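Dear colleague,

I am passing on the structure we spoke about, together with some notes on its computed features. Please look through the sequence and the coordinates before reading on.

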Amino acid sequence: MLKILKYSFYDLMRSRWSYVYFAFYLLLGIILLFLNNDLSKAVITLMNVIIVLVPLIGTIFGVMYYYNSKEFTELLLAQPIKRSSIFLGQYLGVALSLSMSLILGLGLPFVFYGLFKSNAIWDFSLLLITGTFLTLIFTALAYNIALSNENKIKGFGYAILLWLFLGIIYDGIFLMSLVLFEDYPLDKVSLIGTMLNPIDLSRTLILLKLDISALLGYTGAIFKQFFGTSFGLIVSFSMLIIWIILPVLRIVFKAKKKDF
């Protein structure tokens, strides 16, 4: 698996899209720091971009890499190599290369600007950690979709639909439900609903860390009581890890059962 991971990683690092992805975040970090003299304000602005863009890029890259390397994958399947090693190696190669582009692209401008001497270092670190989690999650989900659909158009369509649902539609449904049932105690429901969506969970963690949860009103107070505690943080990161483990387990299961 390590050899396949290494090959996939270096293959993607040689791809021009990886350089474009890295250059985009590098340029974004430079522009934000140029427009905002305060690192904390730059981190807040960056959060809105990361929460939406990282899942989208992870989804597209995951689907695209699977379909583009399909012939090579079939060649590997003819060798005495475990199927789980092949697909897990490819998945980790994609996810880690995207994560590295994100961390280096955003990290370099902030480090040169004096991040280590600023109080915003912990906020920025949490931003990169959640960005890495979202990359791992959505790349795994994308690989599941690609494995389940031979047709490229269907695969890309379902992948974009998944991102739209978790990034936009889910929030609308969740908000409408809270408004319709506002007369009922929805504290626990809102917490569970947030944890069932990795994008919402990541956004909530960052907002609470930046101490601007007051913008969320009454819901923000509930979230702060739970997510603001040590137990809440442990549960939140445990949920993000579960969001990674479950799709990865399905990749292994699907790869074993799939007829290539």
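What follows goes from the overall fold to the core, the surface and the salt bridges.

Please keep in mind throughout that this is a predicted model. The chain has an average pLDDT of 81, and 85% of its residues score at least 70. Confidence is highest in helix α6, with a mean of 90, whereas it is lowest in helix α10 (residues 217–227), where the mean is 56, and I would ask you to read the latter segment with that value in mind.

As to the fold, the chain contains 11 helices and 0 strands. Of the contacts in the chain with a separation of 6 or more, 80% are between residues 24 or more positions apart. Buried residues account for 50% of the 260 residues in the chain, and the area that the chain exposes comes to about 13700 Å², of which carbon and sulfur atoms supply 70%.

Turning to the interior, the largest nonpolar core has 66 residues, among which Y25, L46, F110 and F124 touch the most other members. Two or more residues of this core come from each of α2 (16–35), α3 (39–68), α5 (83–113), α6, α7, α9 and α11 (230–257), and the largest share, 17 residues, is given by α6. For F124 the surroundings can be listed in detail: apart from neighbours within four places in sequence, F124 is in contact with V43, L46, L106, G107, F110 and L115. Two of these partners, L46 and F110, also appear with F124 among the core residues that touch the most other members.

On the surface, there is a nonpolar patch of about 680 Å², made by Y158, I160, L161, L164, F165, I168, I169 and I173. One of these residues, L164, lies in helix α7 and is partly exposed, at 31% relative accessibility.

The charged side chains form 3 salt bridges. One of them joins K70 and E150, with an N to O distance of 2.2 Å. This pair links distant parts of the chain, since K70 belongs to helix α4 (residues 70–77) while E150 sits in the loop between α6 (121–148) and α7 (152–180), 80 residues apart. E150 is partly exposed, with a relative accessible area of 44%.

Another salt bridge is formed by D171 and R203, at 3.5 Å from N to O. D171 is in helix α7 and R203 is in helix α9 (residues 198–209), so this pair ties together parts that are 32 residues apart in sequence. Both residues are partly exposed, D171 with a relative accessible area of 24% and R203 at 23% relative accessibility.

R203 also meets D200 in a salt bridge, with 2.8 Å between N and O. R203 and D200 are separated by about one helical turn, because they are 3 residues apart in helix α9. Why does D200 count as buried? Its relative accessibility is 6%, and buried means under 20%. Taken together, D171, D200 and R203 are linked in a network of salt bridges.

With best regards

Methods. Residues numbered from 1 in each chain as written. Heavy atoms only, no water. Salt bridge = Lys/Arg side-chain N within 4 Å of Asp/Glu carboxyl O. Helix = DSSP H or I, 4+ residues; strand = E, 2+ residues; numbered from the N terminus. Buried < 20%, exposed > 50% of the residue type's maximum accessible area, 1.4 Å probe, protein only. pLDDT = per-residue confidence, 0-100. Patch = residues over 30% accessible without salt bridge, like charges linked within 9 Å, V, L, I, M, F, W, Y side chains within 5 Å. Areas by Shrake-Rupley, 256 points an atom, 1.4 Å probe, with all protein chains shown as cover. Contact = heavy atoms within 4.5 Å. Core = buried A, V, L, I, M, F, W, Y, C linked by side-chain atoms within 4.5 Å.
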